[in-house]
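Trainee: I am new to this structure and would like a close look at one part of it. Could you walk me through how the helices pack against one another, and then through the space left inside?

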Amino acid sequence: MSVETTPEGDLTSDVDELATELGEAITDLPAYQAFLEAKQAVEADEELQEEIREFEQLREEFMMARQTGDATNDDLRELQSAQQELHEKPKMSDYLQAQSEVELKLQELNEIISEPLEVDFGQKAGGCCED
C-alpha cells in the first residue's frame, strides 16, 4: 500500500521544515547565545534571585494596593526605585541588554517574514514581539 502525497502536503512539510531550520538558526545567533549566557548567570546568582523575589513581592503588593485604591505616589516611587536598583545590577543589566537585542532581531525577522505575506506575522501568530 502506498501513500500518495499531494503537492499541498509537500509544501506544508517544506514550510514546516523551513520553520524548524529558522528556529535552529536563531538559536545559533551570537545575540541569542549572549542572551542564554546572561539568563543563566542571573538564574545561577542566588543573591540576585532573592532580590528579584523581593522586587516581585513589592510589585505584587503595589498592584493589589492599586486595585483597591490604596496605592500612593510614594508607593509608586518606591517600586520604581526598587526596579531601577535591580536593573542596575551588572548581571541583570547584561541580561536586559541581551534580551533587548534578541527581541530586536526577532522583530527584524518578523518584518522579513511578514513582508511577502502583507500581514504582521508575529502579531497575527501571537508571537513574542507583541506587547
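Mentor: Here is a walk along the helix contacts, followed by the cavity.

Please keep in mind that this is a predicted model. Let us begin with α2 and α3, whose axes lie 5 Å apart and pack at an angle of about 85 degrees. An angle from 65 to 115 degrees counts as roughly perpendicular, so α2 is roughly perpendicular to α3. On the α2 side, the residues that touch are Val42, Glu43 and Ala44, and in α3 they meet Glu46, Leu48, Gln49 and Ile52. Sorted by class, this contact of α2 with α3 holds 4 nonpolar, 1 polar and 2 charged residues.

Now follow α3, which covers residues 46-68, to α4, which covers residues 73-88. Their axes come within 10 Å and cross at roughly 160 degrees. Because angles over 145 degrees count as roughly antiparallel, α3 is described as roughly antiparallel to α4. The crossing of α3 past α4 is left-handed. From α3, the contact draws on Leu48, Glu51, Ile52, Phe55, Leu58, Arg59 and Phe62. Their partners in α4 are Asp75, Leu76, Glu78, Leu79, Ala82, Gln83 and Leu86. By class, the contact of α3 with α4 has 9 nonpolar residues, along with 1 polar and 4 charged. You may recognise Leu48 and Ile52 of α3: they take part in the contact with α4 and also in the contact with α2.

Next comes the meeting of α4 and α5, where the axes come within 5 Å and cross at roughly 85 degrees. These two helices are therefore roughly perpendicular to each other. Leu86, His87 and Glu88 of α4 make this contact with Pro90, Met92, Ser93 and Leu96 of α5. The residues of the contact of α4 with α5 divide into 4 nonpolar, 2 polar and 1 charged. Leu86 of α4 appears here and in the contact with α3 as well.

That brings us to the space inside. How many cavities of 30 Å³ or more are there? The count comes to 1, and the largest cavity holds about 40 Å³ of space. Around the largest cavity you will find Ile26, Leu29, Ala31, Tyr32, Val102, Lys105 and Leu106. Two helices, α2 (30-44) and α5 (90-117), each supply at least two residues of this lining. The most comes from α5, with 3 residues. In terms of class, the lining of the largest cavity has 6 nonpolar residues, no polar ones and 1 charged. So α2, which we met packing against α3, and α5, which we met crossing α4, both return as contributors to the lining of the largest cavity.

Conventions. Residues numbered from 1 in each chain as written. Predicted model: local features only at pLDDT ≥ 70, side-chain atom pairs only at ≥ 80, totals over all residues. Heavy atoms only, no water. 1 Å grid on protein atoms, 1.4 Å probe; cavity = no way out; pocket = protein on both sides within 12 Å on 5 of 7 lines; lining within 4 Å. Points joined across faces, edges and corners; volume = space filled by probe spheres on them. Helix = DSSP H or I, 4+ residues; strand = E, 2+ residues; numbered from the N terminus. Nonpolar A, V, L, I, M, F, W, Y, C, P; charged D, E, K, R; others polar. Axes fitted to C-alpha atoms, helices over the stretch in contact; angles between N-to-C directions. Parallel < 35°, antiparallel > 145°, perpendicular 65-115°, else oblique. Left-handed = near helix turned anticlockwise from the far one by under 90°. Contact = heavy atoms within 4.5 Å.
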